[in-house]
Amino acid sequence: MSERAISRTVAESQAERSEIVFPNDVNPIGNLFGGRLMQFIDLVGAVASVRHSRAITVTASMDHLDFVAPVKVGELLILKASVNRAFKTSMEVGVKAMVEDVLGTGEMRHVASAYLTYVALDRSGHKIEVPLVVPETEHQKRRYEDAVARREMRSGETLRKKEIRATIGSVWNL
Ligand SMILES: CC(C)(COP(=O)(O)OP(=O)(O)OC[C@H]1O[C@@H](n2cnc3c(N)ncnc32)[C@H](O)[C@@H]1OP(=O)(O)O)[C@@H](O)C(=O)NCCC(=O)NCCS
């Protein structure tokens with residue numbers, strides 16, 4: 001059976017991460033730094049991509065990152081990641097970041113969302129094919145379908161990155 005014949009449900013690779021926001025991660029008015037939030041988003045997204053592909057993955061891109069609301073020092077941040085769709089060697093992962101009002105109502109406040117693309121590699125660093133995604137719920141099916149349009153929008157950026165790499169290669173004689 002080829003690797004490509006394998007498929008996994010979205011639920012099989014979903015990942016969650018909880019973080020308490022400490023004072024060294026905030027600015028002088030007590031708001032979590034955007035870069036630190038991006039790191040948490042990347043880490044939880046990476047876990048979902050590794051679970052789905054059962055391989056080493058690297059972040060190819062992070063796009064459409066919306067900082068919806070600030071996160072304050074002392075708050076409990078919950079990040080949830082799902083693989084929306086797998087293509088050939090890449091996977092689109094959606095991450096949603098929320099703050100849980102853990103000392104009060106228990107309600108979740110949406111603070112940020114992002115789409116990331118991860119590429120699966122073997123131990124020698126070569127790209128490998130990833131299993132297909134099987135969406136089950138209506139929500140998962142919608143994100144699965146929408147991922148194609150987002151990939152189209154990203155393709156210009158992918159091309160631009162290749163051009164940058166070619167330029168860097170010629171400048172540094174790589
Ligand atoms: C990501 C990387 C492996 C892609 O390698 P590449 O030789 O440019 O690969 P290709 O053009 O053949 O593209 C491979 C896949 O990645 C996707 N891809 C490449 N660049 C992308 C980008 N900027 N955004 C989204 N997807 C991208 C392609 O669409 C393709 O998907 P598919 O196989 O599912 O069709 C390479 O650019 C790389 O190693 N980048 C650095 C990654 C890194 O260090 N990340 C941070 C630390 S984890």
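## A glycine between β5 and β6

Leaving aside neighbours within four places in sequence, G106 is in contact with E100 and D101. G106 sits in the loop that links β5 to β6. Its relative accessibility is 37%, so G106 counts as partly exposed. The model described here is predicted.

E100 also takes part in strand pairing. Its bridge partner in β6 is M108.

## Overall layout

The protein has 2 helices and 7 strands. From the N terminus on, the order of elements is β-β-α-β-β-β-β-β-α. Along the principal axes, the C-alpha atoms fill a box of roughly 50 × 45 × 30 Å.

Of the 174 residues in the protein, 39% are buried. The protein exposes about 10,300 Å². Carbon and sulfur atoms supply 56% of that area. Contacts reach across the sequence: among those between residues at least 6 apart, 72% join residues at least 24 apart.

## Strands β4, β5 and β6

Strand β5 spans residues 90-100. It is mostly covered, with 9 of its 11 residues buried. β5 pairs with β4 and with β6. Strand β4, residues 76-86, runs antiparallel to β5, and 10 bridges join the two. A hairpin of 3 residues makes the connection from β4 to β5. Within this pairing, L77 stands opposite V99 of β5.

On the β6 side, 11 bridges join the strands, again in an antiparallel arrangement. β6 covers residues 108-121. The pair E100 and M108 belongs to this set of strands. In a regular strand, side chains alternate between the two faces of the sheet.

## The nonpolar core

Which residues of the largest nonpolar core touch the most other members? They are L37, L77, L79 and V95, out of 31 residues in that core. Four elements give two or more residues to this core: α1 (34-53), β4, β5 and β6. The largest share comes from β6, with 6 residues. In soluble globular proteins, nonpolar side chains tend to be buried together.

V95 shows how these elements meet. Not counting residues up to four places away in sequence, V95 touches I41, V44, G45, L79, K80, A81, A112, S113, A114 and L116. One of these contacts, L79, is itself among the core residues that touch the most other members.

## Arginines over rings

Two arginines place their charged ends over aromatic rings. For R150, the ring is that of Y115, with the charged end 3.9 Å from the ring centre. For R151, the ring is that of F87, at 4.2 Å from the centre. Aromatic rings do not pair with one another here: the count is 0 aromatic pairs.

R150 lies in helix α2, residues 138-171. Is R150 buried or exposed? Its relative accessibility is 13%, under the 20% limit, so R150 counts as buried. Beyond its neighbours within four places in sequence, R150 is in contact with N84, E92, Y115 and R143. Y115 is thus listed both as a contact of R150 and as the ring under its charged end.

## Loops around α1

D25 and R54 lie in the loops on either side of α1. D25 is placed in the loop between β2 (15-20) and α1. At 9% relative accessibility, D25 counts as buried. Its contacts are N31, L32, F33 and R36, not counting residues up to four places away in sequence.

R54 belongs to the loop between α1 and β3 (56-67). With 56% relative accessibility, R54 counts as exposed. R54 has a positive phi of about 55°, although it is not a glycine. Most residues other than glycine have a negative phi.

## A buried valine before β7

Where does V130 lie? V130 is in the loop between β6 and β7 (132-134). Its relative accessibility is 0%, so V130 counts as buried.

V130 and L159 are 29 residues apart along the chain. Their C-alpha atoms are separated by 22 Å.

Note on methods
Residues numbered from 1 in each chain as written. Predicted model: local features only at pLDDT ≥ 70, side-chain atom pairs only at ≥ 80, totals over all residues. Heavy atoms only, no water. Buried < 20%, exposed > 50% of the residue type's maximum accessible area, 1.4 Å probe, protein only. Pairing = 2+ DSSP bridges. Core = buried A, V, L, I, M, F, W, Y, C linked by side-chain atoms within 4.5 Å. Contact = heavy atoms within 4.5 Å. Phe/Tyr/Trp six-rings, centres within 6.5 Å; stacked < 30°, edge-to-face > 60°. Lys NZ or Arg CZ within 6 Å of the ring centre and 35° of its normal. Areas by Shrake-Rupley, 256 points an atom, 1.4 Å probe, with all protein chains shown as cover.
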